[in-house]
Amino acid sequence: MNYLSVQDLGKSYGIQTLFKGLNFGIDQGQKVALVARNGTGKTTILRALADVEPADTGLIVFRKGLRIAFLQQESDFGDAKTVFSAIYESDNPLLSAIQEYEAAMLNPENADAFQNAFDKMDQLQAWDYEVKVKTILSKLKLDELKQDISLLSGGQRKRLALAKILIEQPDFLILDEPTNHLDLGMIEWLQEFLTKENVTLFMVTHDRYFLDAICNEILELEEGDLYRYKGNYTYYLEKKQERQEVMQTNIDKAKNTYSKELEWMRRQPKARGTKSKARIDSFYDVEKSAKKRIKNEKVQLEVQMTRLGSKILELHKVSKAYGDLKILDQFTYTFKKRDRIGIVGKNGVGKTTVLNMLTGSESVDAGKIVIGDTVVIGYYTQSSMKMDEDKRVIEIIRDIAEYIPLAGGRKLTAAQMLERFLFTKDAQWKRVKVLSGGEKKRLYLLTILMKNPNFLILDEPTNDLDLITLKVLEDFLDEFQGCMITVSHDRYFMDRLVDHLFVFEGEGQVKDFPGNYTDYRENVSADGKLKIDKPKSKDPLKATSTEKKKLTYNEKKEYDTIEYVIDKLEQEKESIGAQFNDASLDAEKIKELGQRIKELDDEIALKTDRWMELAELAG
């Protein structure tokens, strides 16, 4: 049964066309995700479907009588003053009955009111629904029903909006980034809830595990065309690669035809008669196909960062508390080269506070934090994302540096850096104020990387980034040779990039878990405690020289290829050395070759040190 039909949908802002001519439909029970890069109008499409922001062209038709709910990034609760009124003051007769019953429970001496409320619950068979309502509120940590909405944080407001639409049980759900502001436990609960619920939904999310578990169809908007994949996110990735391979084959064929037809077009143009018109028209079609490009974005940033010394960052018996809330209690840890640490824990346990302490923006109550002289910290935190809205994108980057140094003495200009981070030449001259939320965050992330850090601290770096940008960021971090510590609710991101976790259990207690997020979840009991507890020393967060550390997946890949890399560097050095036998070399060329040999010596020494370090770990 068809629930939604969309025909010829289009939207522009001034001269910028976000999308046009979009056609798709959604049937009852389908769970569909929209995938596209930031700035192409994903949220605008959702807002058009929800009749919040009308499209310029096209027709949107929902099946008559459907109850539709829209989870926006910014929520509006109308005249509701408290959490209770936002949830229970509704046209839904079940919610009205529960509200009446809850009020009667507060005044049990009024026997008549209590009996009436009890009878209404029975009549509407609302008891199971009441349990469901309380479960949703509990799972989303909305237990304080009397709390004033005006005092809620942005994250609490988003969770309240999510709870409200789940409780109302609509027929059709439209969700814009539903996992933002949820901790990992909440995300896993919501994933299970939506998987089991008999609901039709259309959503945008960057959480790839979430997509994989819930969706049975993916719509991809790319270069103005809409592609449909009947499967989950993993299926989409496989089929997209197949589609691109076929497309590349067609482009190659078109290029061969184009070169032949171009030669014909250039010959004796006056001699071509009307009978050749079809061939001329065909030429322009072939030309269009031949000039298509498949975008396989991957950032290659061989950044020449400052080399980390033996002392990186040390925490010695650090304690921190806010009143009765203990954040850390005698926390001790010494960072090692290429440490990749993820922080997990429920909202409110102080994860961001710890990151702020590492950068000095939060003080410690006791103990000390020591930072090595060679450490250059890059701190990505959404609370510090402040950019001049009237400046152009390229001006924001040039204000930091005109270029960034790469390995081998090469340089990358601000414009080149922007291109590698998916800002086209046209996009570089846009003003910041016209960028989408995801594009602004991508630009802000780039301002951090332009400072050439060797120690990255990332607080929710994946929020609002599109899936294409996420892959670019992960590819970069995969090759990043410095240290990294991150707080993220993106399970895929954590699984790919971290090799151990700091698990914040509350009351200042932190455990060091050797593994990624999936490993951790497999070892957590129903009460949220680790089933295994194998600290690396008597103090679970203190590194010792005797402990044996295994190679991570990324380190094993590096170890398998590093000897080949060193060999290639040695070959280049030998080749350059041979050039000095050429008597015709001038002084400038000799100087250039000598400089390159010095760079190669430094690079070989660095790679050799790294090889020895990995060989020791590999045993």
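**Entry 1. Strand β18 and its partners**

I began with strand β17 (residues 455-459) and found that it runs parallel to β18, with five bridges joining the two. The model is a predicted one, and I read every entry below in that light. For one point along this pairing, I looked up Leu458 and found Thr486 as its bridge partner in β18. I then followed the chain from β17 to β18: it passes through helix α15 (residues 467-479), and this β-α-β crossover is right-handed.

I next looked for a further partner of β18 and noted strand β12 (residues 340-344), which pairs with β18 in the parallel sense over four bridges. Here Ile341 has Ile485 of β18 as its bridge partner.

Why do I describe β18 as largely enclosed by the rest of the structure? Five of the five residues of this strand (residues 483-487) are buried, so the surrounding structure largely encloses it. I checked the two faces separately. Cys483, Ile485 and Val487 lie on one side, Met484 and Thr486 on the other, and all are buried.

**Entry 2. Strand β6 and its partners**

I turned to strand β6 (residues 172-176), which is mostly covered, with five of its five residues buried. From β6, Phe172, Ile174 and Asp176 point one way, while Leu173 and Leu175 point the other way; all are buried. I noted that Asp176 is among these buried residues.

For the pairing, I recorded that strand β5 (residues 68-71) runs parallel to β6 and is joined to it by four bridges. Phe70 has Ile174 as its bridge partner in β6. Strand β7 (residues 200-204) also pairs with β6 in the parallel sense, over five bridges. In that pairing I found Leu175 opposite Met203 of β7. I traced the connection as well: β6, helix α7 (residues 184-196) and β7 form a right-handed β-α-β unit.

**Entry 3. Nonpolar cores**

Which residues touch the most other members of the largest nonpolar core? I found Leu194 and Leu443, in a core of 101 residues. I listed the contacts of Leu194, not counting residues up to four places away in sequence: Lys31, Leu166, Leu173, Leu175, Leu201, Phe210 and Ile214. Two of these names, Leu173 and Leu175, I had already met in β6. I also recorded a second, separate core of 27 residues, which includes Ile327, Leu328, Ile341 and Phe504. Ile341 had appeared earlier as the bridge partner of Ile485 in β18.

**Entry 4. A buried loop residue**

I looked up Leu140, which lies in the loop between α5 (127-139) and α6 (154-168). Is this residue buried or exposed? With a relative accessible area of 0%, Leu140 is buried; the cut-off for that term is under 20%. Leaving aside neighbours within four places in sequence, I found Leu140 in contact with Arg159, Leu162, Ala163, Leu182, Met186 and Trp189. I also noted the spacing to Ile187, 47 residues apart from Leu140 along the chain: their C-alpha atoms are separated by 9.5 Å.

**Entry 5. Aromatic rings**

I recorded 19 aromatic pairs in the structure. One of them is formed by Tyr101 and Phe114; this pair is tilted, with 6.1 Å centre to centre and 40° between the planes. Tyr101 belongs to helix α3 (residues 93-106) and Phe114 to helix α4 (residues 111-124), and the two are 13 residues apart. Tyr101 is buried, at a relative accessible area of 10%, whereas Phe114 is partly exposed, at 26%.

I then examined Tyr229 and Tyr236, which form an edge-to-face pair at 5.0 Å centre to centre with 75° between the planes. Both of these tyrosines are buried. Elsewhere, I found a cluster in which ring pairs link Phe331, Tyr333, Phe335, Phe455 and Phe502.

**Entry 6. Charges over rings**

I noted the charged end of Arg243 over the ring of Tyr227, 3.7 Å from the ring's centre. I noted also Lys411 over the face of Tyr403, at 4.4 Å from the ring centre.

**Entry 7. The chain as a whole**

I closed with the overall figures. The protein chain has 19 helices and 20 strands. Of its 619 residues, 46% are buried. Among contacts between residues at least 6 apart in sequence, 67% join residues at least 24 apart.

Notes: Residues are numbered from 1 along each chain as its sequence is written. This is a predicted model: local features need pLDDT of at least 70, side-chain atom pairs count only at pLDDT 80 or more; totals for chains, interfaces and linings use all residues. Side-chain values use heavy atoms; hydrogens and water are left out. Buried means under 20% relative accessible area, exposed over 50%, partly exposed in between (1.4 Å probe, protein chains only). Two strands pair if DSSP finds at least two bridges between them. A crossover is right-handed if, with the strands pointing away from the viewer, the path from the first strand over the helix to the second runs clockwise. A nonpolar core is a set of buried Ala, Val, Leu, Ile, Met, Phe, Trp, Tyr and Cys residues joined through side-chain atoms within 4.5 Å. Contact means heavy atoms within 4.5 Å. Rings of Phe, Tyr and Trp (its six-membered ring) pair if their centres lie within 6.5 Å; planes under 30 degrees apart count as stacked, over 60 as edge-to-face and the rest as tilted. A charge sits over a ring if NZ of Lys or CZ of Arg is within 6 Å of the ring centre and within 35 degrees of the ring normal.
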